[in-house]
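Trainee: I would like to take a close look at one part of this structure, and I would be glad of a careful answer that takes its time.

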Amino acid sequence: QMIADGGIGDYVERAVRLGTRRVELLALRRKLWARRLSAPLFDTRLWTRTWEHALRAVWLRHCAGEPPASMDVRLGELEAAELRRENAADALVRRARALQAGAVLPAGLQ
């Protein structure tokens, strides 16, 4: 959605523009970097917990003698919110340790 949401033509036009306008590309990269800690894509604990939940659901279907089927498996909102809070706290600890070790964080994240 942040790249293009108007189809392939919009995507190609945006890709060409970002490839020729370095300042705009860097601004987008900073925005994505800053949002990564709160994005579900980078939430490995949530993804793993959801995957485990899905495997458990498949196993229970199998044990019940039911045939394979398409499923939409999601964690409850409370469990997902709790995992996001844990990940945010872990991220702060990792950032503090990196700074203590002398790491240089990207501009805007220090």
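Which residues are linked in a network of salt bridges?

Mentor: Please keep in mind as you read that this is a predicted model. The network of salt bridges links Glu13, Arg14, Arg17, Arg21 and Glu24, and a search of the whole structure finds five salt bridges. Let us begin with Glu24, whose side chain meets that of Arg17 in a salt bridge with an N to O distance of 3.1 Å. Arg21 also forms a salt bridge with Glu24, and here the closest N and O atoms are 3.8 Å apart, a value that still counts because the cut-off for a salt bridge is 4 Å. As for the surroundings of these side chains, Glu24 has a relative accessible area of 24% and is therefore partly exposed, while Arg21, with a relative accessible area of 46%, is partly exposed too. Both labels follow because partly exposed covers the range between under 20%, which is buried, and over 50%, which is exposed.

Another salt bridge joins the side chains of Arg61 and Glu66, with 2.8 Å from N to O. Arg61 is partly exposed at a relative accessible area of 22%, and Glu66 counts as partly exposed at 40%. Arg61 falls within the residue range of helix H3 (44-63), a helix of 20 residues that reaches 28 Å from its first C-alpha to its last, close to the 28 Å expected at 1.5 Å a residue. After H3 comes Gly65, which has a positive phi, near 80°.

At the other end of H3, in the loop between helix H2 (22-35) and helix H3, you will find Asp43. With a relative accessibility of 6%, Asp43 counts as buried. Although Asp43 and Asn87 are 44 residues apart along the chain, their C-alpha atoms are separated by 7.3 Å.

Asp43 and Asn87 are also among the residues that line the second largest pocket, together with others including Phe42, Thr44, Arg45 and Arg94. Two elements, H3 and helix H4 (77-100), give two or more residues to this lining, and H4 provides the largest share, five residues. The pocket has a volume of about 160 Å³, and its lining, sorted by class, holds four nonpolar, two polar and five charged residues.

Note on methods
Residues numbered from 1 in each chain as written. Predicted model: local features only at pLDDT ≥ 70, side-chain atom pairs only at ≥ 80, totals over all residues. Heavy atoms only, no water. Buried < 20%, exposed > 50% of the residue type's maximum accessible area, 1.4 Å probe, protein only. Helix = DSSP H or I, 4+ residues; strand = E, 2+ residues; numbered from the N terminus. Expected span 1.5 Å × (residues − 1). 1 Å grid on protein atoms, 1.4 Å probe; cavity = no way out; pocket = protein on both sides within 12 Å on 5 of 7 lines; lining within 4 Å. Points joined across faces, edges and corners; volume = space filled by probe spheres on them. Nonpolar A, V, L, I, M, F, W, Y, C, P; charged D, E, K, R; others polar.
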